[in-house]
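Here is a short tour to follow in your viewer, one selection at a time. Please load the model and keep the selection box handy.

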Amino acid sequence: EDVDVRMTRQDMATSQAHMVQDSWEETDRPNREIERSSLLSSYDIQLTSNANGHDSIADPDEPCKQGASYCTGCSGFRLAMTPFPGFVFGLVGLTYYAEVFESPDASVVEVVLFHCIIGLLLVSYLQCLLLDPGTVPKRWHDAVVRSDATNRERYKICRKCNMYKPPRSHFDSITQRLVLNMDHFCPWVCNCVGFYNRKFFILFLFYVVLASLYFVLATLLRGLGHGPLNLMALLINSRGSPSPAKFMAFVFDSSLAVAVLGFLGVHLKFVFYNQTTLESDDTEYDVGWRRNVESVFGANAWLWLLPVVGQGPVGDGVHWPRNHAHAHELYEISVEPGIADDNDTEFEDG
């Protein structure tokens with residue numbers, strides 16, 4: 001009886017794999033439909049349209065890192081339909097104006113340092129906004145389809161896009177992607193936070209806190225330099241008159257620093273233990289703080305605080321080492337082997 005059950009499961013997995021392969025062969029013909037579905041990165045779309053096959057892999061256990069790609073199919077639509085980037089640039093501009101043009105006692109060193117912080121903040125934001133978070137490589141999916149039934153049983157099939165799901169991947173209903181190492185969809189960056197842009201999301205939070213605290217503390221220290229601290233001393237601009245912009249920036253940055261600092265602390269904790277917002281109680285991928293951090297920020301520690309891609313995060317977002325306590329689960333990823341994952345929730349925001 002057990003043999004019959006296993007054979008039935010293998011037959012179901014094999015049949016479903018053929019269905020998945022057939023659906024992808026039909027989708028491969030019109031490249032326009034692939035881009036609209038947003039299931040692939042721009043790099044994989046080029047591979048499909050060229051049909052060169054040079055980057056195909058024979059074994060799904062082979063590394064298949066894609067590299068960072070910008071301006072994917074749905075980026076323009078997302079940016080055109082949301083006001084959040086305008087809010088971010090407007091709030092940054094308010095703080096910039098108050099510090100550079102409305103602070104009479106700011107020294108040249110202070111202004112230069114502030115410009116550096118604001119520059120790092122804006123570049124981090126743009127990187128997170130425009131970078132593809134990472135989608136399942138089609139060559140990895142094809143390798144799973146071509147593999148034997150026993151190998152296919154290790155992976156679930158996403159019922160939203162009919163692709164095999166690597167560990168830690170989830171389907172995001174807003175960007176319509178099966179996202180590698182998905183953390184959450186963030187409306188402020190108009191993008192899903194995943195494997196390739198998670199570093200820049202955390203750096204964005206870090207530099208928001210740093211810029212806000214810098215302006216608030218610098219304003220307070222300048223006020224103390226003129227005698228007993230009072231509200232009017234904080235709000236005087238370079239012309240010696242009250243500054244509404246400086247007042248609004250001070251109130252806003254004080255609140256923002258407190259709120260985002262707690263949010264930043266939570267995400268740094270997730271990085272330290274190799275977790276995500278969707279895996280906040282999961283410890284199976286904790287392989288030591290250094291390797292955990294490298295899987296987000298990359299191997300070069302000199303680049304951790306810089307919003308540059310460099311070599312990207314360590315790994316490919318598809319294969320994840322487990323710690324010793326969960327090593328035996330390496331080949332027990334799927335509860336229902338090879339069967340479509342009906343519990344794959346559409347995550348819309350964090």
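The stops below go from the whole chain to helices and then to charged pairs.

**Before you start**

This is a predicted model, in which local features need pLDDT of at least 70 and side-chain atom pairs count only at pLDDT 80 or more, while totals for chains, interfaces and linings use all residues. Residues are numbered from 1 along each chain as its sequence is written, and side-chain values use heavy atoms, leaving out hydrogens and water.

**Stop 1: the whole chain**

Colour by secondary structure and you will find 12 helices and 7 strands; these are DSSP runs numbered from the N terminus, with helices (H or I) of at least four residues and strands (E) of at least two. Of the 350 residues, 46% are buried, where buried means under 20% relative accessible area, exposed over 50%, and partly exposed in between (1.4 Å probe, protein chains only). The chain exposes about 16,800 Å², and carbon and sulfur atoms supply 62% of that area, computed by the Shrake-Rupley method with a 1.4 Å probe. Now think about contacts, meaning heavy atoms within 4.5 Å: among those between residues at least 6 apart in sequence, 71% join residues at least 24 apart.

**Stop 2: H5 against H6**

Select residues 84–100 for H5 and 108–130 for H6. How do their axes lie? The two helices pack at an angle of about 175°, with axes 11 Å apart; axes are lines fitted to C-alpha atoms over the stretch in contact, and angles run from 0 to 180 degrees between N-to-C directions. H5 and H6 are therefore roughly antiparallel, a label for angles over 145 degrees. Show side chains to see the contact: H5 contributes residues including Phe84, Val88, Phe89 and Tyr96, and H6 contributes residues including Phe114, Ile118, Leu122 and Tyr125.

While you are in H5, pick Gly86. This glycine is partly exposed, at 46% relative accessible area. Add Trp188: it is 102 residues from Gly86 in sequence, yet their C-alpha atoms are 9.7 Å apart.

**Stop 3: H11**

Select residues 244–272. With 29 residues at 1.5 Å each, H11 should span 42 Å, and its end C-alpha atoms are 41 Å apart, which agrees; the expected span is 1.5 Å times one less than the number of residues. Which residues of H11 are buried? Among them are Lys246, Phe250, Asp253, Leu264, His267 and Phe270. Just beyond the helix, stop at Asn274, where phi is positive, near 55°.

**Stop 4: the salt bridges**

The whole structure holds 6 salt bridges, each a side-chain nitrogen of Lys or Arg within 4 Å of a carboxyl oxygen of Asp or Glu. Three are worth selecting in turn.

- Asp132 and Arg177: their closest N and O atoms are 3.1 Å apart. The pair links distant parts of the chain, 45 residues apart, with Asp132 in the loop between H6 and H7 and Arg177 in strand E4. Asp132 is buried at 2%, and Arg177 is buried at 2%.
- Lys138 and Asp142: here the closest N and O atoms are 2.8 Å apart. Being 4 residues apart in H7, the partners are separated by about one helical turn. Lys138 is buried, at 11%.
- Arg168 and Glu279: the closest N and O atoms are 2.6 Å apart. Arg168 sits in the loop between E2 and E3 and Glu279 in the loop between H11 and H12, so the pair ties together parts 111 residues apart in sequence. Both residues are buried.

How values were computed: Angles under 35 degrees count as roughly parallel, over 145 as roughly antiparallel, 65 to 115 as roughly perpendicular and the rest as oblique.
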